[in-house]
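Biologist: Please take a close look at one part of this model, namely the pairings between its side chains. I would like charged groups, cysteines and aromatic rings to be treated in turn, with the surroundings of each partner.

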Amino acid sequence: NRDGATDPETGLPITCDTSKLDADPENCGACGHSCVGGACTAGKCEPVPIGTVTGSPLSRIVQYGNFVYVAAGFFSQLTTDTQGIWRAPKDGKSATTQFIDNDDIGDIVLLGNKLYYTVYQDTEDGADNHGGLYSCDLTTDVAPCAPKLEKAAYFPAGVSSDGKYVYFGEDEGPDGVFRFDPTMGTAEKWRPKDYAGFRTVWFGGDDYYYLAAVGPSSTVVDV
């Protein structure tokens with residue numbers, strides 16, 4: 001078996017001809033480890049294209065259920081009008097569809113059964129906000145999604161999660177980094193305006209590591 005998969009019906013390890021594990025695409029490196037249509041080389045699966053969005057540099061990627069969600073937005077330097085968030089089936093057996101049609105996607109993150117994303121836009125809403133944090137419920141399995149505005153903000157860019165909260169920052173705004181509580185549906189200022197320009201946050205244990213882009217330079221901050 002060589003640490004392969006388990007039969008879901010019997011609960012027993014799947015067996016195969018272990019002499020072919022280096023090249024068998026259905027048992028690649030281990031019995032039951034399928035390359036889902038790709039080749040097996042030296043016991044490792046080769047990459048398999050599962051979807052294509054013509055002319056759009058794809059940046060962020062998350063996976064939920066049977067689909068992979070990818071973003072092509074404001075910071076991807078798009079060359080065509082196929083912006084937004086796209087959804088592709090993991091098995092690549094059906095077409096890639098546009099999940100969110102928006103020219104100004106900043107970043108995306110998955111928390112629970114919701115996809116959160118920022119919109120970084122020039123249009124002002126009358127209250128000096130340029131975009132905000134939005135969410136889509138992925139359990140409905142409907143494309144395109146009907147997004148919900150969770151918090152209006154001033155040019156929000158990066159968004160991330162620690163598994164409990166969603167964090168997003170204002171790239172050009174005065175308020176710094178916000179923390180959104182999905183349970184309460186509220187957002188609070190989490191870090192002051194000194195952290196404005198927030199692009200990405202990475203969570204390592206009890207520490208929070210920021211990559212804040214301020215003007216032409218970038219600063220890494222450990223809080």
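Modeller: R60 is a suitable point of entry, being partly exposed at 36% relative accessibility; buried means under 20% relative accessible area, exposed over 50%, and partly exposed in between, with a 1.4 Å probe and protein chains only. The model is a predicted one, in which local features need pLDDT of at least 70 and side-chain atom pairs count only at pLDDT 80 or more, while totals for chains, interfaces and linings use all residues. Residues are numbered from 1 along each chain as its sequence is written, and side-chain values use heavy atoms, leaving out hydrogens and water.

The side chain of R60 forms a salt bridge with that of D107, at 3.0 Å from N to O; the term requires a side-chain nitrogen of Lys or Arg within 4 Å of a carboxyl oxygen of Asp or Glu. This pair links distant parts of the chain, 47 residues apart: R60 is in the loop between β2 (44-45) and β3 (61-64), and D107 is in strand β7 (residues 105-111). Strands are DSSP runs (E, at least two residues) and helices are DSSP runs of H or I with at least four, both numbered from the N terminus. D107 is buried, with a relative accessible area of 5%.

By the same rule, the count comes to 3 salt bridges. Another of them joins E150 and K148, whose closest N and O atoms are 4.0 Å apart. Here E150 is buried at 13% relative accessible area, whereas K148 is partly exposed at 48%. R179 and E188 also meet through their side chains, at 2.6 Å from N to O. R179 is partly exposed at 21%, and E188 is partly exposed as well, at 38%.

D181, in strand β13 (residues 177-181), offers a contrast. D181 is buried yet has no salt bridge, and the nearest side chain of opposite charge, K164, is 6.7 Å away; Lys and Arg count as positive and Asp and Glu as negative, while His and the chain ends are not counted. Leaving aside residues up to four places away in sequence, D181 touches Y165 and T186, contact meaning heavy atoms within 4.5 Å.

Turning to the cysteines, the count comes to 4 disulfides, each being a pair of cysteine sulfur atoms within 2.5 Å. One of these joins C28 and C40, with sulfur atoms 2.1 Å apart. Its S-S torsion is about 85°, so the disulfide is right-handed. C28 lies in the segment before β1 (40-41) and C40 in strand β1, so this bond ties together parts that are 12 residues apart in sequence. C28 is buried at 1% relative accessible area, and C40 is buried at 9%.

C35 and C45 form a further disulfide, again with sulfur atoms 2.1 Å apart. The torsion about the S-S bond is about -85°, so this disulfide is left-handed. C35 lies in the segment before β1 and C45 in strand β2, so the pair ties together parts that are 10 residues apart in sequence. C35 is buried at 3%, but C45 is partly exposed at 31%.

In the disulfide of C136 and C145, the sulfur atoms are 1.9 Å apart. The S-S torsion of C136 and C145 is about -100°, so their disulfide is left-handed. Both C136 and C145 are buried. With the bonded cysteines of the chain numbered in sequence order, the pairing reads 1-3, 2-5, 4-6, 7-8.

The aromatic residues complete the account. The structure holds 6 aromatic pairs; rings of Phe, Tyr and Trp (its six-membered ring) pair if their centres lie within 6.5 Å, and planes under 30 degrees apart count as stacked, over 60 as edge-to-face and the rest as tilted. Among them are Y117 and Y134, with ring centres 5.5 Å apart and planes at 15°, so the pair is stacked. Y117 lies in strand β8 (residues 114-120) and Y134 in strand β9 (residues 131-137), so the pair ties together parts that are 17 residues apart in sequence. Y117 and Y134 are both buried. Y165, the contact partner of D181, is linked by ring pairs with Y167 and W190 into a cluster.

Charged groups also sit over rings, a term that requires NZ of Lys or CZ of Arg within 6 Å of the ring centre and within 35 degrees of the ring normal. R87 lies over the face of F67, at 3.9 Å from the ring centre, and K151 lies over that of F178, at 4.7 Å.
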